[in-house]
Amino acid sequence: MFIWLLATVPAGAQITQLDTLYARTLAGNRPALEKVVRLTKSRQHVRYQMGRHQRKSRLGKLAASSLQDLVVFSVSEQGGQPLDFSRTHLALVRSRMSDLRYFPVYKQWGLSRLEDDSSSVHHLRQLPPGRVTDKVKPPSALAYRAAEGRRLDSLWQARSPLLLRELPRYVYWHRDQGFLERDMVTFMEHTTGLQVGVHNYTADTVYSLAYDFRGVALRNYTVFWARHYHYFSWNQQKGRFEAPALPVRPRSAVQQLLDQIAGSDSSAAFQAYTAFIEQNIQVPSRNMDELTSFFPNRALPIFWEKFIRSKQAMRAYLRQKGLPLTLPPALQQQSLQLLQPLPFGQRYQLENHLISVLNPEQITAFELLMLDYSRNDAAQESVGRILDVWYSRNWPQVTGSEKQLGLYLKKISAYKGLGIVGGSNSFAHKLNTLRGQPRRAVRHLAVTAPDAEVQKTARMLLRPHWSSRSRRTFSRVRPASSPARLFNADSLRQVLLGRGLQVYPAGKLSVARIDTALKYDAPLGFVGGHTPRTTTLEPLIRLLEAEFHTDLGFGPAFGDWRLSGSPSVVHRARAWRWYLRRQGLLGKDTDPISFVQKNSFHSRSPTRKLKWKIRRFTRRLFR
């Protein structure tokens, strides 16, 4: 644990007093160890560098932290407290100072050797079937020096069980340099066909050395092999070391499902993922390094464990309310067609069809079905537009029924737990103007809803906050600005028709259809959506420029939609909706905002702040 103390050394120096003492103590110098112990009483405040970050602390605290790496006690020596994390560690070092011994083979101080630690806990289990082992590095490739590599390689060539002790010991000796643990564990698993579970710093059994704070799991892993290597012998037929005398745990049913999720078989991975959801099997949550140490099969959502928990919560809620969990077969088949690489015009028409046929009893089953295909960008963009338009069209039914409104609030909570970008995070924004009966229903749910998450979401919506309204970045709009280039209106009309958008239904431009497209045809993906789809909006905006002979002052080039006031497709669409209303061609839009219209750029002007305070006061007054 090397720390650069910036306040105690000249500028440009890289090794400080504590760093020097740490290095000497690690090499077995007892006077240096005694000086580190004396430094623990220092109350001097220092600045130190942790990676690229500067931090402040007391020198005594840093010295005590260094001692936890330098001096190691077994659990039995610490009176049963977690290894190295007892509050009495420093007191134990001081009281047993004369008894501390240096063990050069492990480069650490302690009262006894690692292999004498009989309190170490371990569990063995078989490797999962089909584990890929083509990237296993030989022992020589894990050594920092050629001579050390040759020594390890000679043990491997002789198929000596001594290698099973020496390789973990070597990695532990070089623990300050790091980056060897993963390759070492892979080699040991491939060589023995076993996974070794040991305790980490929180006393959880882990089978991976990832996220190993202070090297506790690595130390226990080294202890296991130091105490048990002699049980192993080489099996020539199987091509690996075996230890028949050691008990091996069978892989649990949950672990077998996890193996399939991490496997290369997409069909088996999806079946295991579905089994977790439908059988309501809890994903292990304590040993998270086991879950995050591998990537799931490409057929599954990247945050598959969060998706499982959210879908389980939604399915339990649907059962409680007597709502269907799945779509009718014909409608499910039509929905799954979104996963196919359809021509855009056909995809657009399919989206419109699903918007028209889905009812409030089925919309949630449709959402849960499409959650599983978060890696299909085209399908997620389609689902984003379908839900955006559907909820706006059916908003009175959603907010007019306490049952449907409670379900909507549950979705806000469940989709937030997915931990992924996309339109699923914007469900709350359609509730930005809660008034009248819907607000009274939300207030009632905040008190009486049997689901705690529904109550929490309802209270959040009732709390005074910045309202999520459509961005009004129209300061640059110039209705008299002529476009630098006018596109042919007839050709643009044919382009839009080929993409499924008919804006001349009776030979005349339909402003209402144009307004709907401007509002909803830049959908974000339901889950995983980073940028809006603008396949229909780009030619539509060029068509409007040709029809009205103005580009509203935005210029010829499209910009980035994430920047307020940018000449992007999304901002141009909002400006055109504003322009059409200023021309008297459209009335006021009373429907909920689009998912893409949520306001992320709140004004902080004094006037805006005063309006917000007045609105907060009136809400509290009439609640």
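In what order do the 3 strands of the open sheet lie? The order is E4-E6-E5, and the pairing is mixed. Helices (H or I, at least four residues) and strands (E, at least two) are DSSP runs, numbered from the N terminus, and two strands pair if DSSP finds at least two bridges between them.

The model shown is predicted, so local features need pLDDT of at least 70 and side-chain atom pairs count only at pLDDT 80 or more, whereas totals for chains, interfaces and linings use all residues. Residues are numbered from 1 along each chain as its sequence is written, and side-chain values use heavy atoms, with hydrogens and water left out.

**First stop: the sheet**

Select residues 71–72 and 101–103. These are strand E4 and strand E5, the edge strands, each of which pairs on one side only. Next, add residues 108–110, strand E6, which pairs with E4 in the parallel sense over 2 bridges. Within this pairing, Val72 has Gly110 of E6 as its bridge partner.

**Second stop: the largest cavity**

Keep Val72 selected and add Phe73, Ser74, Leu114 and Asp117. Among the 13 residues that line the largest cavity, these five lie nearest its centre. A cavity is, on a 1 Å grid over the protein atoms alone, a set of points where a 1.4 Å probe fits but cannot get out, and lining residues have an atom within 4 Å of a point. The structure holds 5 cavities of 30 Å³ or more, and the largest contains about 100 Å³ of space. Grid points are joined across faces, edges and corners, and a volume is the space filled by probe spheres set on the points.

The lining of the largest cavity divides into 5 nonpolar, 4 polar and 4 charged residues. Here Ala, Val, Leu, Ile, Met, Phe, Trp, Tyr, Cys and Pro count as nonpolar, Asp, Glu, Lys and Arg as charged, and the others, Gly among them, as polar. Helix H8 (residues 216–228) gives the largest share of this lining, 3 residues.

**Third stop: rings in and beside H8**

Select Tyr221 and Trp225, which both lie in helix H8, 4 residues apart, about one turn of the helix. Rings of Phe, Tyr and Trp (its six-membered ring) pair if their centres lie within 6.5 Å; planes under 30 degrees apart count as stacked, over 60 as edge-to-face and the rest as tilted. The structure holds 23 aromatic pairs. The ring centres of Tyr221 and Trp225 are 6.3 Å apart and the planes stand at 65 degrees, so this pair is edge-to-face. Now add Phe232: its ring centre is 5.2 Å from that of Trp225, with the planes at 40 degrees, so the pair is tilted. Trp225 and Phe232 are both buried, a term for residues under 20% relative accessible area (1.4 Å probe, protein chains only).

**Fourth stop: Thr191**

Move to Thr191 in helix H7 (residues 181–192). Is Thr191 buried or exposed? Its relative accessible area is 1%, so Thr191 is buried. Beyond its neighbours within four places in sequence, Thr191 is in contact with Trp156, Trp234, Arg240 and Phe241, where contact means heavy atoms within 4.5 Å. Thr191 and Arg240 are 49 residues apart in sequence, yet their C-alpha atoms are 5.0 Å apart.

**Last stop: helix H22**

Finally, select residues 511–520, helix H22, which is mostly covered, with 7 of its 10 residues buried. Among the elements covering the buried residues of H22 are H16, helix H23 (537–548) and helix H24 (569–582).

Terms used:
Buried means under 20% relative accessible area, exposed over 50%, partly exposed in between (1.4 Å probe, protein chains only). On a 1 Å grid over the protein atoms alone, a cavity is a set of points where a 1.4 Å probe fits but cannot get out, and a pocket is an open set with protein on both sides within 12 Å along at least five of seven lines; lining residues have an atom within 4 Å of a point.
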